[in-house]
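Thank you all for making the time this morning. Let me put the structure up on the screen, and then I will talk you through it.

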Amino acid sequence: MRFMTIVKGREGCVPSQALIDRIMKLGQEASTEGVMVGMGGLGPTAQGARARLSKDGKITVTDGPFSEAKEVIGGFAIYDVPSKEVALKWTRRFLEAHIGLWNEDLEVEVRPMMDAPPEQISR
């Protein structure tokens with residue numbers, strides 16, 4: 001079953017090379033164990049855009065940055081694991097990798113991907 005972890009934090013926070021090295025090492029461990037599908041960090045919202053579909057069918061595109069955003073998605077990982085508990089184990093390890101190298105609040109949302117049948121998600 002696949003889970004996406006979505007890393008959220010304050011815009012403009014850039015990890016140190018030491019933290020990037022820790023994260024890459026953890027990603028390599030997950031790959032070696034066969035559970036890492038993919039991972040990556042995201043650039044600043046100033047380099048992005050938002051596309052919206054209104055209920056009347058109109059599509060609008062807005063270039064970044066998005067000043068109203070209090071927190072932004074800074075990165076993601078996709079794990080192929082047997083349960084949410086195992087996805088949370090990897091998430092905890094990711095957060096632990098930040099201790100001593102990150103001085104900001106950090107949140108990681110763990111969500112099942114829709115390719116899993118609902119009865120498997122609750123495991």
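I will begin with the overall layout, then turn to the sheet and its helices, and finish with particular residues and salt bridges.

Please keep in mind throughout that what you see is a predicted model. The protein has 123 residues, of which 28% count as buried, and its C-alpha trace spans about 45 × 40 × 20 Å along the principal axes. About 8300 Å² of surface is exposed, and 55% of that is supplied by carbon and sulfur atoms. There are three helices and six strands, and if you follow the chain along the sequence, these come in the pattern β-α-β-β-β-β-α-β-α. If we take the contacts between residues at least 6 apart in sequence, 75% of them join residues at least 24 apart.

Now to the sheet. In what order do the strands of the open sheet lie? There are four of them, ordered E2-E5-E1-E6, and the pairing is antiparallel. Strand E2, residues 36-41, and strand E6, residues 107-112, stand at the edges, and because each has a single partner strand, one side of each is left without a neighbour in the sheet. From one strand to the next, the twist averages 20 degrees. As a general reminder, the strands of a sheet pair through backbone hydrogen bonds, in either a parallel or an antiparallel way.

If you look at E1 and E6 in particular, these strands run antiparallel and are joined by six bridges; one bridge partnership to pick out is that of methionine 4 with arginine 111 in E6. Helix H2, residues 84-98, packs on the sheet, where it touches E1, E5 and E6, and its direction makes about 160 degrees with that of E6. Helix H1, for its part, lies across E2 and strand E5, the latter being residues 72-80, and runs at about 165 degrees to E2.

H1 itself covers residues 17-32, and methionine 24 is found in it. Methionine 24 also takes part, with Ile20 and Met39, in a nonpolar surface patch of about 250 Å².

Let me move to the start of the chain. Methionine 1 lies in the segment before strand E1, which covers residues 2-9. Is methionine 1 buried or exposed? Its relative accessible area is 14%, and since the cut-off for buried is under 20%, methionine 1 counts as buried. In space, methionine 1 and methionine 114 are 9.5 Å apart, C-alpha to C-alpha, although 113 residues separate them in sequence.

A little further along, in strand E1, we come to threonine 5, which is buried, with a relative accessible area of 4%. Leaving aside residues up to four places away in sequence, threonine 5 touches Gly75, Phe76, Ala77, Tyr79, Thr91, Val108, Glu109 and Val110.

That brings me to the charged residues. Side chains of opposite charge can pair when their charged atoms come close, and in this model the count comes to four salt bridges.

One of them is between lysine 8 and glutamate 109, at 2.6 Å from N to O, and this pair links distant parts of the chain, with lysine 8 in strand E1 and glutamate 109 in strand E6, 101 residues apart. Lysine 8 counts as buried at 18% relative accessibility, whereas glutamate 109 is partly exposed, with a relative accessible area of 22%. Lys8 and Glu109 are also linked with Arg111 in a network of salt bridges.

Arginine 10 forms a salt bridge with glutamate 104, in which the closest N and O atoms are 2.8 Å apart. Arginine 10 lies in the loop between E1 and H1, and glutamate 104 in the loop between H2 and E6, so this pair ties together parts that are 94 residues apart in sequence. Both residues count as partly exposed, arginine 10 at 47% and glutamate 104 at 33% relative accessibility.

The side chains of glutamate 29 and arginine 93 also meet in a salt bridge, at 2.4 Å from N to O. Here glutamate 29 lies in helix H1 and arginine 93 in helix H2, so the pair ties together parts that are 64 residues apart in sequence. Glutamate 29 is partly exposed, with a relative accessible area of 29%, and arginine 93 counts as partly exposed at 26%.

Note on methods. Residues numbered from 1 in each chain as written. Predicted model: local features only at pLDDT ≥ 70, side-chain atom pairs only at ≥ 80, totals over all residues. Heavy atoms only, no water. Helix = DSSP H or I, 4+ residues; strand = E, 2+ residues; numbered from the N terminus. Buried < 20%, exposed > 50% of the residue type's maximum accessible area, 1.4 Å probe, protein only. Patch = residues over 30% accessible without salt bridge, like charges linked within 9 Å, V, L, I, M, F, W, Y side chains within 5 Å. Areas by Shrake-Rupley, 256 points an atom, 1.4 Å probe, with all protein chains shown as cover. Pairing = 2+ DSSP bridges. Axes fitted to C-alpha atoms, helices over the stretch in contact; angles between N-to-C directions. Contact = heavy atoms within 4.5 Å.
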